Amino acid sequence: MSPPASGPPASGPPASGPPASGPPASGPPASGPDRAEWETVVGLEVHCELKTQTKLFCGCKNAFGDEPNTNVCPVCLGLPGSLPVLNAFAVELAMRIGAALHCEVRPSSFHRKNYFYPDMPKDYQISQYDEPINVGGWLELPDGSRVGIERAHLEEDTGKTTHQGETGRIHAADYALVDYNRAGVPLVEIVSRPDIRSSAQARLYVTELRAVLVATGASDGRMEEGSLRVDANVSVRRAGAGAFGTRCEVKNLNSLRSLGRAIDYEVARQVALVEATGTVVQETRHWDENAGRTVPLRSKEEAFDYRYFPEPDLVPLAPGSDWQERAAGAVGLLPSARRERLAGLLGGAPTPQQVDQVHVVVGQGLDDLIVAAVAQGAPAGLALVRAANELAADIGAALALDAGTFGSVVEMEGRGELTATQAKAVLAELLAAGGGDPAKIAAEKGFEALSEGSLAAVLQGVVEAHPEEWARYSAGEEKLAGFFTGQVMRATGGKADGKAVAAELQRLRQ
Amino acid sequence: MSEPPALGRDDVAHVAGLARLSLSEEELDTFTGQLARVIDHARDVSSLDVHDVPPTAHPLPVRNVLRTDDPCPGLDRGEVLAAAPDVEDNRFKVPRIVGEAP
Ligand SMILES: [Zn+2]
């Protein structure tokens with residue numbers, strides 16, 4: 001279920017003219033079905049659930065995955081006589097996001113967006129309308145292009161509706177079940193300018209924005225849990241044309257893959273429509289991931305008349321400059337600086353694989369663990385590999401892991417006390433148990449270190465037992481290295497490190 | 001400032017529809033007359049010269065009413081669901097929804 005559409009930018013005509021700030025986005029070359037004479041124009045609305053303890057207007061817990069309807073109170077259930085009170089930390093996080101996106105913080109106010117739908121028991125959603133907290137700004141993407149930010153405003157999330165019926169499809173549902181734990185959870189909606197020119201650039205924008213939201217501490221960035229949701233406004237125009245074409249808003253984009261596919265589909269559909277009929281109908285469409293297409297949403301015209309009016313139960317918000325500065329100061333290192341910091345630790349030119357790994361760990365907020373591990377003496381390259389693979393596979397547990405513990409495992413592997421396989425097993429155990437003593441876990445698993453001396457001794461024994469093979473290996477028959485490694489592994493019960501064996505073999509042969 | 005068009009019966013029917021109110025023909029006539037008088041009053045106010053008066057977002061001279069981000073216990077689920085018209089799997093059971101959330 002997608003959240004209600006955003007405020008005015010979604011319902012007004014497409015913005016025109018160049019971005020207010022920053023150079024126009026050039027972006028990567030268009031991908032997908034674009035034809036040379038057509039240009040793709042995309043603006044994105046990203047809804048980000050804030051990582052607060054409580055909801056936006058009441059003290060109910062903001063938690064994902066709790067038992068249905070256990071985090072509810074008179075305010076978020078819309079019971080008569082209840083009054084909302086704004087969560088200061090949600091305001092703080094909204095200002096951090098604004099600062100990271102180079103927005104201006106303005107005095108703001110709240111409106112009621114009225115609609116009848118059971119995901120909001122009040123029959124309205126409290127949102128910021130004509131006076132959002134953050135206005136104007138931009139996000140620079142790793143490819144150097146810039147996407148303008150129109151606004152980033154505060155609003156409350158809706159409850160979670162599950163449609164029940166034979167097929168599970170909305171239109172075929174017999175009835176619906178509603179859980180109000182999510183109703184009232186704080187959101188910041190980030191509305192980009194229509195500066196995005198391809199599906200690839202749209203994915204890059206969301207990836208980078210997610211990394212920014214994680215870095216500021218505002219979001220956990222989990223698209224799969226719905227804490228980050230994206231709607232795309234897509235239109236096409238002839239290359240070189242000044243005016244934008246008629247756009248469609250595409251909802252239900254639950255992953256980067258969906259986002260890219262939906263934009264490519266929508267562009268091809270609109271180009272075909274304009275070429276055949278000369279026009280596109282402005283409408284909201286739903287992305288069907290299984291069918292790989294967008295379909296129009298059935299909606300009565302009047303469903304979009306939200307009758308916005310000022311929320312009389314909330315007074316205006318005007319954070320003072322001292323608070324704004326504190327929030328901006330809490331932003332910390334942004335993803336680009338975090339990537340540079342890791343590149344510095346790796347030294348030299350990173351391999352393409354390392355560049356990918358750096359993006360993964362920064363995007364998931366795992367880079368602080370690597371920095372701490374390196375500071376403690378662990379090799380940077382190895383720490384990066386373990387973070388990008390083993391830690392990234394269980395983010396929630398990894399972020400709760402003590403930095404020193406992770407560093408110790410990488411150090412042990414770096415010193416050859418653990419093989420790669422053993423280090424992975426120890427990390428898995430630590431993540432599953434929520435921490436522990438790596439040396440103790442290694443000992444319990446029987447991963448005692450095989451010292452260099454004992455490895456040499458084992459290898460010597462193996463060589464003496466197979467003189468014929470050794471003579472052939474010494475004469476340059478490289479494939480026998482595998483034979484000797486296998487023999488050593490058998491003799492040590494798999495405790496030897498493959499790389500160490502290879503090095504020892506080379507040494508013995510010389 | 002240009003004069004907004006006079007309020008018609010169709011406008012009242014539209015607004016009633018948005019608020020999910022079903023009005024009889026007679027009620028439509030009554031409310032069209034009453035709402036027109038309310039709007040006339042607003043028109044009187046908008047005829048005043050207020051160019052040097054700052055816009056007011058709220059009648060109280062108060063800003064930044066905030067609470068700290070501390071959880072407090074909500075309602076007992078049993079009590080909450082007892083007020084629901086129908087319940088399944090500890091969730092509110094509601095009629096089939098036509099279309100999507102707006
Ligand atoms: Zn509540």
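Reader: Where is N252(A) found, and why is that stretch called a strand?

Author: N252(A) sits in strand 13 (residues 248–253) of chain A. Strands are DSSP runs of E with at least two residues, helices are runs of H or I with at least four, and both are numbered from the N terminus.

Reader: What is the phi of N252(A)?

Author: Near 70°, a positive value in a residue other than glycine. Most residues other than glycine have a negative phi. D89(B) also has a positive phi, about 50°, and is not a glycine. D89(B) lies in the loop between strand 2 (87–88) and strand 3 (91–95) of chain B.

Reader: What kind of model is this, and what filters apply?

Author: The model is predicted: local features need pLDDT of at least 70, side-chain atom pairs count only at pLDDT 80 or more, and totals for chains, interfaces and linings use all residues, while side-chain values use heavy atoms, with hydrogens and water left out. Residues are numbered from 1 along each chain as its sequence is written, with chains lettered from A and ligands numbered from 1 in the order in which they are written.

Reader: How do you know how confident the predictor is in chain B?

Author: From pLDDT, the predictor's confidence in each residue, from 0 to 100. Chain B averages 87, and 89% of the residues score at least 70. Among the elements of chain B, helix 1 (residues 9–18) has the lowest mean pLDDT, 90, and strand 1 (residues 66–67) the highest, 98. For the complex, the predictor gives an ipTM of 0.86 and a pTM of 0.81.

Reader: Which residues are the protein donors of the zinc ion, and what makes them donors?

Author: C58(A), C60(A), C73(A) and C76(A), each through SG, at 2.3 to 2.4 Å. Donors are N, O and S atoms within 2.8 Å of the metal (3.2 Å for Na, K and Ca), so these sulfurs qualify. Water is not among the atoms, so sites may look incomplete.

Reader: Why is the arrangement around the zinc ion called tetrahedral?

Author: The four donor atoms subtend angles of 98 to 116°. Four donors count as tetrahedral if all angles lie between 85 and 135 degrees; four count as square planar and six as octahedral if opposite donors are over 155 degrees apart and all others between 65 and 115; anything else is irregular. The angles fit the tetrahedral range, so the name follows. The ideal angle for four tetrahedral donors is 109.5 degrees.

Reader: How are the donor residues of the zinc ion spaced in sequence?

Author: As C-x1-C-x12-C-x2-C. Both C58(A) and C76(A) lie in the loop between strand 1 (38–49) and strand 2 (86–87) of chain A, so the pair ties together parts 18 residues apart in sequence.

Reader: Are C58(A) and C76(A) buried or exposed?

Author: Both are buried. Buried means under 20% relative accessible area, exposed over 50%, and partly exposed in between (1.4 Å probe, protein chains only).

Reader: What makes E39(A) and R197(A) a salt bridge?

Author: Their closest N and O atoms are 3.6 Å apart. A salt bridge is a side-chain nitrogen of Lys or Arg within 4 Å of a carboxyl oxygen of Asp or Glu, so the pair passes. E39(A) is in strand 1 of chain A and R197(A) in the loop between strand 11 (186–192) and helix 3 (199–215), so the bridge ties together parts 158 residues apart in sequence. E39(A), at 23%, is partly exposed. R197(A), at 14%, counts as buried.

Reader: How many salt bridges does the whole structure hold?

Author: A search over all chains finds 40. One of them joins E477(A) to R472(A) at 3.0 Å. Another pairs K93(B) with E88(B) at 3.5 Å. E49(A), D157(A), R182(A) and R229(A) are linked in a network of salt bridges.

Reader: Why is T421(A) called exposed?

Author: Its relative accessible area is 61%, so the residue is exposed. T421(A) belongs to helix 12 (residues 420–433) of chain A. P73(B) is exposed too, at 78%. P73(B) is in the loop between strand 1 and helix 3 (77–82) of chain B.

Reader: Which residues form the nonpolar patch with I39(B)?

Author: F31(B), L35(B) and V38(B), and the patch has about 300 Å² of accessible area together. I39(B), in helix 2 (residues 25–46) of chain B, is partly exposed at 33%. Patch residues need over 30% relative accessible area and no salt bridge; like charges are joined within 9 Å, nonpolar side chains (Val, Leu, Ile, Met, Phe, Trp, Tyr) within 5 Å. So I39(B) clears the area cut-off. Areas come from the Shrake-Rupley method with a 1.4 Å probe; for residues, only the protein chains shown count as cover.
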